[in-house]
Amino acid sequence: MPIKPLIILPDPVLRQVSKPVERVDGALRKLADDMLDTMYDAPGIGLAAIQIGEPLRMLVIDLAKEDETPAPHVFINPEIIENADQRSVYEEGCLSIPDYYAEVERPAAVRVKYLDRDGKLQEIEAEGLMATCLQHEIDHLNGVLFIDHISKLKRDMVVKKFKKLARDKSGNKAPGKLVG
């Protein structure tokens, strides 16, 4: 399966709200497989379709460790239907914000309804890392990044850094600098 290029901050695509999937078919399952391959290659534990430029409400997660058998999950049109009152803090990172990590506080458990890769309605009660990962990836589907959950000062610093990296990568130099 082809590995797709990841969308990286500050690309405005990451702020798009993804559209619901209308039909689960072979093409969508292939996209899910491509997303899993892309996630494994990165490597990561979760990936939302918008992170590869597909504005669809679909995400994939696999929390298996390197020495464990893969345990991929595909969530189509996921929706959080219940949040726990208890909160937990995890250090989060993101494939679209490489090499940046921050502690984020979220509900410790969630209940999510979704369609599986066969289009069947499912529900999962998740806690711990799975709850955090589901919330992180569902945020992506709503145009929200994990840095939106940290202080404005830290978020502004991260965005500024990634804007500079994008500018440097594209070859645009800051005004007033001489190139010799």
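Student: Which residues of helix 2 are buried in this predicted model?

Tutor: In this predicted model, the buried residues of helix 2 are Met130, Ala131, Thr132, Cys133, Leu134, Gln135, His136, Glu137, Ile138, Asp139, His140 and Leu141.

Student: What makes helix 2 count as mostly covered?

Tutor: A residue is called buried when its relative accessible area is under 20%, and twelve of the 14 residues of helix 2 are buried, so the helix is described as mostly covered.

Student: How do you know that the span of helix 2 agrees with its number of residues?

Tutor: The expected span is 1.5 Å times one less than the number of residues, which for the 14 residues of helix 2 comes to 20 Å. The end C-alpha atoms of helix 2 are 21 Å apart, and therefore the two values agree. After helix 2 comes Gly143, which has a positive phi near 75 degrees.

Student: Why is Asn77 called partly exposed, and why is Asp99 called exposed?

Tutor: Partly exposed covers the range between the buried limit of 20% and the exposed limit of 50%, and Asn77, at 22% relative accessibility, therefore counts as partly exposed. Asp99 has a relative accessible area of 67%, which is over 50%, so Asp99 is exposed.

Student: What is notable about phi in Asn77 and in Asp99?

Tutor: Most residues other than glycine have a negative phi. Asn77, in strand 3 (residues 73-83), nevertheless has a positive phi near 50 degrees, and Asp99, in strand 5, has a positive phi of about 65 degrees although it is not a glycine.

Student: Which peptide bonds are named as cis, and what are their omega values?

Tutor: Most peptide bonds are trans. The bond from Leu9 to Pro10 is cis, with omega near 15 degrees, and Pro10 is placed in the segment before helix 1 (26-41). Ala42 and Pro43 are also joined by a cis peptide bond, where omega is about -10 degrees, and Pro43 belongs to the loop between helix 1 and strand 1 (46-48).

Student: What lines the largest pocket, and which elements give two or more residues to that lining?

Tutor: The lining of the largest pocket consists of 20 residues, with Ile45, Glu92, Gly93, Cys94 and Tyr101 lying nearest the centre. Strand 4 (87-94), strand 5 (97-107) and helix 2 (128-141) are the elements that each give two or more residues to this lining. The volume of the largest pocket is about 420 Å³.

Student: How do the lining residues of the largest pocket divide by kind?

Tutor: Ten of the lining residues are nonpolar, six are polar and four are charged.

Notes: Residues numbered from 1 in each chain as written. Predicted model: local features only at pLDDT ≥ 70, side-chain atom pairs only at ≥ 80, totals over all residues. Heavy atoms only, no water. 1 Å grid on protein atoms, 1.4 Å probe; cavity = no way out; pocket = protein on both sides within 12 Å on 5 of 7 lines; lining within 4 Å. Points joined across faces, edges and corners; volume = space filled by probe spheres on them. Helix = DSSP H or I, 4+ residues; strand = E, 2+ residues; numbered from the N terminus. Nonpolar A, V, L, I, M, F, W, Y, C, P; charged D, E, K, R; others polar. Buried < 20%, exposed > 50% of the residue type's maximum accessible area, 1.4 Å probe, protein only.
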